[in-house]
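Thanks for coming, everyone. Let me put the model up and walk you through it.

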Amino acid sequence: MSTVTPSASANAFPASAADKNVRRLSPLYATDLYYSYFDKGQTSMSVAYEDGSAHKFELLKRYEDKDTGFVAASFINRDDGHAVLLYKGMDRPFSDQGGGRFRFLKHVWTIAQGHMNGYSAEHKNAENAYFETMNNPAVKDMEIGGFSMGTMFSNYLAAKYDAKATVFADLGISDRQLAQIFNERAKNEPTSVAPAHGLDTMIQKMRENVTVLKMKGDLLPQIFALGASRGRIIDIDHGPEDPGGIEHNPAIYSNRAEIIEASLGLPNFIRGLVPKIA
């Protein structure tokens, strides 16, 4: 099996990665997978593919860097080798979510760096996790996703490597960062990114690669956004309004997605198949 690695250029695209970037998961279930693991500690659950078929995923690996505050987790369907890599959002301030009560300050710095130059140490963590998952012998193909701060990394990898991503509470990506990535890609793969079309080509690629689950009641992405949401947008403003107003909560996204799943006749699964992580 060949190993896929980034090239020497910071934004070069390894052509062999293209075949492994595949979307299979119904985007609505990305919220369930995220919430079940990062908020409830479940390491196995059933979700649906885009064709409505049910599949069991289990935790493949948890990624955590105490220095940067980075957290992510990969999951795999052992039956077909499809993997999903999810990037965790910012910790709630002063809430210990596994990294102490002040880890959120590292996340605030990551978001600030995203605004300043579009890149941070956590972006590098995210890139390493992406390629490690892709190179795992058990992984046939993969997609990614993220919540809130985690959407920064998902959007970045979708632009840089054509990763297929589902994002919710999306912070978007700026024209400046897209242009930077385009310029680097054009040097290394001029025919595939069609340099004559410039930024428009990158924006079109983002529409093809990214699905955005959006709630108008979630105000934080509007406040902290790095740029516009570039992907295909699915409005999940369904059901009664939740108390609190801001609605920046994976549980609310998961609940809203379940309402839509039910309306589409998609399966609703029992969670808690595996005990919580110690």
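At what angle do helix α4 and helix α5 pack, and how far apart are their axes? The angle is about 30°, and the axes are 9 Å apart. Angles under 35 degrees count as roughly parallel, so α4 is roughly parallel to α5. The crossing of these two helices is right-handed.

Keep in mind that this is a predicted model.

Now the residues in that contact. From α4, residues 149–161, we have Tyr156, Ala159, Lys160 and Tyr161. From α5, residues 175–188, we have Gln177, Leu178, Ile181 and Arg185. By class, that contact has five nonpolar residues, one polar and two charged.

Let me step back to the whole chain. The protein has 278 residues, and 53% of them count as buried. There are nine helices and eight strands. Look at contacts with a separation of 6 or more: 61% of those join residues 24 or more positions apart.

Next, the cores. The largest nonpolar core has 40 residues. Which residues have the most contacts inside it? They are Phe70, Leu85, Tyr87, Tyr130, Met142, Ile144 and Leu157. Helix α4 gives the most to this core, with eight residues.

Take Ile144 from that list. Set aside its neighbours within four places in sequence. Ile144 is then in contact with Leu85, Tyr87, Tyr130 and Leu157, among others. Its contacts also include Ser154, Ala163, Lys164, Ala165 and Thr166.

There is another core, apart from the one with Ile144, and it has 30 residues. Among them are Leu28, Ala169, Leu213 and Ile260. Hold on to three of those names: Leu28, Ile260 and Ala169.

Leu28 and Ile260 take us to a second helix pair, α1 with α9. Helix α1 covers residues 28–39, and helix α9 covers residues 250–263. They pack at an angle of about 145°, with axes 8 Å apart. Here the crossing is left-handed.

Who meets whom? On the α1 side: Leu28, Tyr29, Thr31, Asp32, Tyr34, Tyr35 and Asp39. On the α9 side: Pro250, Ala251, Tyr253, Ser254, Ala257, Glu258, Ile260 and Glu261. The classes are nine nonpolar, two polar and four charged.

Now back to Ala169, and to backbone angles. The phi of Ala169 is near 60°, a positive value in a residue other than glycine. Where is Ala169? In the loop between β6, residues 165–168, and α5. Is Ala169 buried or exposed? Its relative accessibility is 1%, so Ala169 counts as buried.

Ser148 also has a positive phi, of about 55°, although it is not a glycine. Ser148 sits in the loop between β5, residues 141–147, and α4. Its relative accessibility is 7%, so Ser148 counts as buried too.

One last loop. Asn136 lies between α3, residues 121–135, and β5. Asn136 has a relative accessible area of 24%. The cut-off for buried is under 20%, and exposed means over 50%, so Asn136 is partly exposed. What separates the C-alpha atoms of Asn136 and Gly81? The distance is 9.9 Å, for two residues 55 apart along the chain.

To close, back to the two helix pairs. α4 and α5 cross right-handed, and α1 passes α9 left-handed. I'll take questions now.

Methods: Residues numbered from 1 in each chain as written. Predicted model: local features only at pLDDT ≥ 70, side-chain atom pairs only at ≥ 80, totals over all residues. Heavy atoms only, no water. Axes fitted to C-alpha atoms, helices over the stretch in contact; angles between N-to-C directions. Helix = DSSP H or I, 4+ residues; strand = E, 2+ residues; numbered from the N terminus. Parallel < 35°, antiparallel > 145°, perpendicular 65-115°, else oblique. Left-handed = near helix turned anticlockwise from the far one by under 90°. Contact = heavy atoms within 4.5 Å. Nonpolar A, V, L, I, M, F, W, Y, C, P; charged D, E, K, R; others polar. Core = buried A, V, L, I, M, F, W, Y, C linked by side-chain atoms within 4.5 Å. Buried < 20%, exposed > 50% of the residue type's maximum accessible area, 1.4 Å probe, protein only.
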